[in-house]
Each structure stands twice: as structure tokens, then as C-alpha cells.
Amino acid sequence: MPPLAFTPRLLKNLLPSVKKLQFIYLHGFASSPQSAKAVYLRDRFAAVHHALHIPDLNQDDFTQLTLTRQLQQVSALLPDEPVTLIGSSFGGLTAAWLAEQHHQVQKLVLLAPAFAFLSHWLPQLGTEKIQQWEQQRYLMVYHYGEKRLLPLSYEFARDVPQYNDDHLLRPVPTLIIHGIHDEVIPIQVSRDFAAKRSWVQLIEVDSDHALGNVMLETWQAIQSFCQLQ
């Protein structure tokens, strides 16, 4: 019997399905792939034999972070086949825009998505600090992944306004999980977003922005929505 010829196509078919980029998780602003939510969900996906791909959106250069850069980075990772994006906070906003731009994004799970991000984040900084940021070009921001202050370019603030949430209209099946006590992005933002889009399901939970006390409930909702066995 002649030896089996392992052609590239055959090799691709032999690769375990767990290696496919079927599920991608996008962490939040000033966070990392090692965040509590990212690690928890990665482990839950692994337990049901699925890989959760978690790119580092900092790209070793948090200072030059913009929403546009995140979109470009993840766009390059998207497979040609259907993919589900799971995004937390600013990662949720990123996921929503990727779904608007790429047909292969077939499902969205948004955890406390940062819609209207600047309108909620900038007031927390205060007018004087915002003016200093614009004049000096950099703002020191606490990075939860690095556990230290890092400079953030004012280009971040210039870049976000070009993305108007009202233009997110592609009917992608979407699950939003948002805490009713969210101190960063008010839950009303997600309520308004869902009310205008029949394809969005909103689950309100008794939690804050981190959703740390409802991770099991969050996972169960994701598992059901994504039909994970």
C-alpha cells in the first residue's frame, strides 16, 4: 500500500477544529488577555472543547492605541469562515464595528459595551485634564494589565468620534450583558441600543462594569447563545 500523501488540503482537514478561529475575545481598554474575564472565559471555552482566541490589543504600544488600530489588527485575524466575536467594554465597541464591516462575523456577545465611550469617559477626567491632554499630547492612564500608569496619545480622543454608534445597523444576532450598577458605561446606553435593533438581546444583571460577581451567569448565557455543548 503506497504511503498516504499529506497534501496541504488534507493537512488542513486533519487539523482539530479547536484550532479554528471560531471565537475571538476582545479585551477592554487598558486591559489585557490576562484579565479576569478573559482568562475565565478562555477556560470555560476550553472545558467544552473550543478555543477562545484572545489577541493583545495593546500591541506592545498602548501609547498609540486607537479604535482604528484595533479594528485593523483584528480585521487581519478574521478567518474567511463564520466567526463569533466576544467583546468587553471598549473591546465590545470594537467588536460591534467589526461586525458592521465584515460579513464573516455572524454573532456578537458584548459585555458592558462601551457605546458612546468618550461622552461617558471624558467627563470623568474633567475639563482641565482634557485640555492638558490636548496641549501636552499625552495623558497618563492607569493600565490594569500592566498595573502601572502609561501615556496615551491624544490621537485616541481624535479617532473615536469618527465612529458613530447610530451607524451600527447590520443585523447580526447580538447578545448584550450589562450590569445595572455599571459606573463606567450606564446601562441605559445598552437599553437604547437594543431598543432600536430587533436582533439584539439584552440581559441586565445585578453587577457593575466588571461583571465580576456574575461570571457564571455570563458564561451560561454565552454558552446558550453560542450553542456550545
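Two strands count as paired here if DSSP finds at least two bridges between them. Keep that in mind for the sheet. And keep in mind that this is a predicted model.

So, the sheet. Five strands, 5 in total, form an open sheet. The order is β1-β2-β3-β6-β7, and the pairing is parallel. At the edges sit β1 and β7, residues 200–205, each pairing on one side only. From one strand to the next, the twist averages 15 degrees.

Let me zoom in on one pair. Strand β2 covers residues 83–88, and strand β3 covers residues 105–111. They run parallel, joined by 6 bridges. To fix the register, take Thr84: its bridge partner in β3 is Lys107. A general reminder for anyone looking at the faces: in a regular strand, side chains alternate between the two faces of the sheet.

Next, the helices on the sheet. Helix α2, residues 36–47, lies across β1, β2 and β3. Its direction is about 165 degrees to β1. Helix α9, residues 215–225, lies across β2, β3, β6 and β7. That helix, α9, runs at about 170 degrees to β6, which is residues 174–179.

How do α2 and α9 cross? Their axes come within 11 Å, at roughly 50 degrees. An angle between 35 and 65 degrees falls outside the parallel and perpendicular classes, so α2 and α9 are oblique to each other. The crossing of α2 past α9 is right-handed. On the α2 side, the contact uses Lys37, Tyr40, Leu41, Arg44 and Phe45. On the α9 side, we have Met215, Leu216, Trp219 and Ile222. By class, that contact of α2 with α9 is 7 nonpolar, no polar and 2 charged.

Now a second helix pair, α5 and α6. Helix α5 is residues 117–125, and helix α6 is residues 127–136. The axes come within 6 Å and cross at roughly 100 degrees. Angles from 65 to 115 count as roughly perpendicular, so that is what α5 and α6 are to each other. From α5, the contact takes Trp121, Leu122 and Leu125. From α6, it takes Lys129, Ile130 and Trp133. The split for α5 with α6 is 5 nonpolar, no polar and 1 charged.

On to burial. Which helix is largely enclosed by the rest of the structure? That is α3, residues 67–75, because 7 of its 9 residues are buried. The buried ones are Leu67, Thr68, Arg69, Gln70, Leu71, Gln73 and Val74. What do they pack against? Strand β1 at 23–26, helix α4 at 90–101 and helix α7 at 155–159.

Last stop, the hairpin. Strand β4, residues 138–143, pairs with strand β5, residues 148–153. The sense is antiparallel, over 6 bridges. Tyr138 stands opposite Ser153 in β5. The hairpin of β4 and β5 has 4 residues between the strands. In the turn, Lys147 has a positive phi of about 60 degrees.

Glu146 also sits in the loop between β4 and β5. Is Glu146 buried or partly exposed? Partly exposed, with a relative accessible area of 43%. And look where its backbone goes: the C-alpha atoms of Glu146 and Ser31 are separated by 7.9 Å. Along the chain, Glu146 and Ser31 are 115 residues apart.

That is the tour. Happy to go back to any of the views.

Methods: Residues are numbered from 1 along each chain as its sequence is written. This is a predicted model: local features need pLDDT of at least 70, side-chain atom pairs count only at pLDDT 80 or more; totals for chains, interfaces and linings use all residues. Side-chain values use heavy atoms; hydrogens and water are left out. Axes are lines fitted to C-alpha atoms, for helices over the stretch in contact, and angles run from 0 to 180 degrees between N-to-C directions. Helices (H or I, at least four residues) and strands (E, at least two) are DSSP runs, numbered from the N terminus. Angles under 35 degrees count as roughly parallel, over 145 as roughly antiparallel, 65 to 115 as roughly perpendicular and the rest as oblique. Contact means heavy atoms within 4.5 Å. Ala, Val, Leu, Ile, Met, Phe, Trp, Tyr, Cys and Pro count as nonpolar, Asp, Glu, Lys and Arg as charged, and the others, Gly among them, as polar. Buried means under 20% relative accessible area, exposed over 50%, partly exposed in between (1.4 Å probe, protein chains only). A crossing is left-handed if the near helix is turned anticlockwise from the far one by less than a right angle, and right-handed if clockwise.
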